[in-house]
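Grab a pencil and open the structure viewer. Below are some exercises, each followed by a solution that goes step by step.

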Amino acid sequence: MPKRSPKRLPVVPPWAEVERLLKATTRERDRLILMLATFMGLRSFEICNLNVEDVNCREGLLFLHLGKNARDAVLPIPKFLIRPFRGWCGSRTSGPLFQSRKGGRRLGTRALRHLVKRLAVAAGLPDAAKPRKYHFHALRAVFCTEKIRR
């Protein structure tokens with residue numbers, strides 16, 4: 001049997017770099033996606049699978065269908081995210097929450113990986129062009145690290 005390589009801890013970007021990444025966004029959609037990962041700890045596939053009807057701004061709840069380990073979950077939406085959610089959903093009542101620019105299809109996880117890389121370069125973050133320096137899951141690591149610090 002082949003030997004397993006030891007698991008490494010994720011590299012957690014400093015909060016100042018996350019702020020620069022958020023400030024580099026020019027689209028409302030991109031900013032909300034990054035905020036969901038950073039402030040709610042959502043995984044990329046969970047964000048891509050969200051539908052408009054999964055967001056309940058009135059009660060401040062977000063319903064996740066078949067998240068990790070094929071489990072449903074109901075998460076509280078932080079108060080400062082309610083307004084961006086309302087603005088993004090607008091008058092839509094159903095369908096994918098985040099659509100691609102091409103044909104209105106559901107946004108894919110690959111697009112989220114490219115989004116973080118593109119924004120890291122735009123924000124002028126150090127070593128942003130390096131392959132494994134900035135990735136989407138690092139935002140979830142920021143969320144978890146901040147949660148432990150509190």
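**Exercise 1: Asp30 and its surroundings**

Task: Find out which residues Asp30 is in contact with, leaving aside its neighbours within four places in sequence.

Solution: This is a predicted model, so keep that in mind throughout.
- Step 1. Look around the residue: with those sequence neighbours left aside, Asp30 is in contact with Thr25, Leu115 and Arg118.
- Step 2. Place it: Asp30 is found in helix H2.
- Step 3. Check the surface. The cut-off for buried is under 20% relative accessible area, and Asp30 has 2%, so Asp30 counts as buried.
- Step 4. Look at the side chain: it makes a polar contact with the side chain of Arg29, at 3.1 Å.

**Exercise 2: Helix H2 as a whole**

Task: Work out how far H2 reaches from its first C-alpha to its last, and whether H2 is largely enclosed or not.

Solution:
- Step 1. H2 covers residues 28–40, which makes 13 residues.
- Step 2. At 1.5 Å a residue you'd expect 18 Å, and the helix reaches 17 Å, which is close to that.
- Step 3. Now go for burial: 10 of the 13 residues are buried, so H2 is largely enclosed by the rest of the structure. Among the buried ones are Leu32, Ile33, Leu34, Met35 and Leu36.
- Step 4. Step just past the end of H2, and you meet Gly41, with a positive phi of about 75 degrees.

**Exercise 3: The sheet**

Task: Give the strand order of the open sheet, then explain why one side of S1 and of S3 has no neighbour.

Solution:
- Step 1. The open sheet has 3 strands in the order S1-S2-S3, and the pairing is antiparallel.
- Step 2. S1 (55–56) and S3 (73–76) stand at the edges with a single partner strand each, so one side of each has no neighbour in the sheet.
- Step 3. Zoom in on one pairing: S2 (residues 61–64) and S3 pair in the antiparallel sense over 4 bridges.
- Step 4. Pick out a bridge: Leu62 has Leu75 in S3 as its partner.

**Exercise 4: Aromatic pairs**

Task: How many aromatic pairs does the structure hold, and how are the rings of Trp88 and Phe98 arranged?

Solution:
- Step 1. The count is 3 aromatic pairs.
- Step 2. Take Trp15 and Phe39: this pair is edge-to-face, with 5.8 Å centre to centre and 65 degrees between the planes.
- Step 3. Trp15 lies in helix H1 (residues 15–23) and Phe39 in helix H2, so this pair ties together parts that are 24 residues apart in sequence.
- Step 4. Check how open they are: Trp15 is partly exposed at 31% relative accessible area, and Phe39 is partly exposed at 24%.
- Step 5. Turn to Trp88 and Phe98: their ring centres are 6.1 Å apart and their planes at 25 degrees, so the pair is stacked.
- Step 6. Trp88 lies in helix H4 and Phe98 in the loop between H4 and H5, so the pair ties together parts 10 residues apart in sequence. Phe98 counts as buried, at 1% relative accessibility.
- Step 7. Finally, ring pairs link Trp15, Phe39 and Phe80 into a cluster.

**Exercise 5: A serine in a loop**

Task: Decide whether Ser100 is buried or exposed.

Solution:
- Step 1. Find Ser100 in the loop between helix H4 (79–89) and helix H5 (109–122).
- Step 2. Its relative accessible area is 18%, so Ser100 is buried.
- Step 3. Leaving aside neighbours within four places in sequence, Ser100 is in contact with Arg29, Arg105, Arg106 and Leu107.

Notes:
Residues are numbered from 1 along each chain as its sequence is written. This is a predicted model: local features need pLDDT of at least 70, side-chain atom pairs count only at pLDDT 80 or more; totals for chains, interfaces and linings use all residues. Side-chain values use heavy atoms; hydrogens and water are left out. Two strands pair if DSSP finds at least two bridges between them. Helices (H or I, at least four residues) and strands (E, at least two) are DSSP runs, numbered from the N terminus. The expected span of a helix is 1.5 Å times one less than its number of residues. Buried means under 20% relative accessible area, exposed over 50%, partly exposed in between (1.4 Å probe, protein chains only). A polar contact is a pair of N or O atoms within 3.5 Å; within protein, one must be able to donate a hydrogen and the other to accept it, and residues adjacent in sequence count only if both atoms are side-chain atoms. Contact means heavy atoms within 4.5 Å. Rings of Phe, Tyr and Trp (its six-membered ring) pair if their centres lie within 6.5 Å; planes under 30 degrees apart count as stacked, over 60 as edge-to-face and the rest as tilted.
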